[in-house]
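Student: Please take one part of this model and go through it closely. I would like the salt bridges, with the setting of the residues that form them.

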Amino acid sequence: MEKPFEVLDHTADIGLVAWGRSLEELFANAALGMFSLIGALEKVDGGFTAEVAVEGSDYEDLLVTWLNELLYLFEAEEVLLKAFDIQKLGQYYLRARVFGEPLDFKKHELFRVVKACTYHEVKVEEVEPGLFRAQVYFDI
């Protein structure tokens with residue numbers, strides 16, 4: 001696995017393919033990829049931690065719900081997140097601790113507004129033993 005995620009071009013939205021050696025790493029890399037679309041994460045130092053718990057009907061629904069919950073945190077708490085510790089993950093639930101920093105427009109460069117993670121062509125799959133792939137598109 002060379003990189004944890006890659007950006008997909010799309011006419012009205014922006015997509016992301018994330019990779020992981022486990023489902024936990026996959027979900028964390030998808031979140032990292034999404035926040036990399038939002039802003040420059042190299043200047044995010046810390047100071048914010050939150051517990052996140054979401055439920056879904058399958059892995060695809062869980063991924064979309066997870067990413068939308070993180071977008072809600074970004075909007076409501078005005079934080080940039082850059083580290084994601086998936087503590088429990090099953091087909092229908094995810095619990096994680098997320099880390100970031102309160103948004104500071106003098107310090108943090110924002111690239112684009114990501115409004116929501118969509119269900120358009122969402123996919124979570126094991127492409128080979130021990131290698132998982134997720135694909136999602138975001139409304140921007």
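Tutor: What follows covers the model's confidence, then the salt bridges, then one strand pairing.

This is a predicted model, in which local features need pLDDT of at least 70 and side-chain atom pairs count only at pLDDT 80 or more, while totals for chains, interfaces and linings use all residues. Residues are numbered from 1 along each chain as its sequence is written, and side-chain values use heavy atoms, with hydrogens and water left out.

The pLDDT is the predictor's confidence in each residue, from 0 to 100. The protein chain averages 94, and 96% of the residues score at least 70. Helices (H or I, at least four residues) and strands (E, at least two) are DSSP runs, numbered from the N terminus. Among the elements of the protein chain, mean pLDDT is lowest in strand E1 (residues 5-9), at 76, and highest in strand E3 (residues 48-55), at 98.

A salt bridge here is a side-chain nitrogen of Lys or Arg within 4 Å of a carboxyl oxygen of Asp or Glu. Side chains of opposite charge can pair when their charged atoms come close. The structure holds 5 salt bridges.

One of them joins Asp 45 and Lys 107, with the closest N and O atoms 2.6 Å apart. This pair links distant parts of the chain: Asp 45 lies in the loop between helix H1 (23-38) and E3, and Lys 107 in the loop between strand E5 (93-102) and strand E6 (116-117), 62 residues apart. Asp 45 and Lys 107 also belong to a network of salt bridges with Glu 101.

For accessibility, buried means under 20% relative accessible area, exposed over 50%, and partly exposed in between (1.4 Å probe, protein chains only). Asp 45 is exposed, at 62%, whereas Lys 107 is partly exposed, at 26%.

Another salt bridge connects Glu 125 to Arg 133, the closest N and O atoms being 3.4 Å apart. Glu 125 is partly exposed, with a relative accessible area of 29%, but Arg 133 counts as buried at 16%. In a further salt bridge, the side chains of Glu 25 and Arg 21 meet at 3.7 Å, N to O. Glu 25 is partly exposed, at 26%.

Strand E8 (residues 131-139) pairs with E2 in the antiparallel sense over 8 bridges; two strands pair if DSSP finds at least two bridges between them. Within this pairing, Ala 134 in E8 stands opposite Ala 18. Strand E2 (residues 13-20) has 8 of its 8 residues buried.
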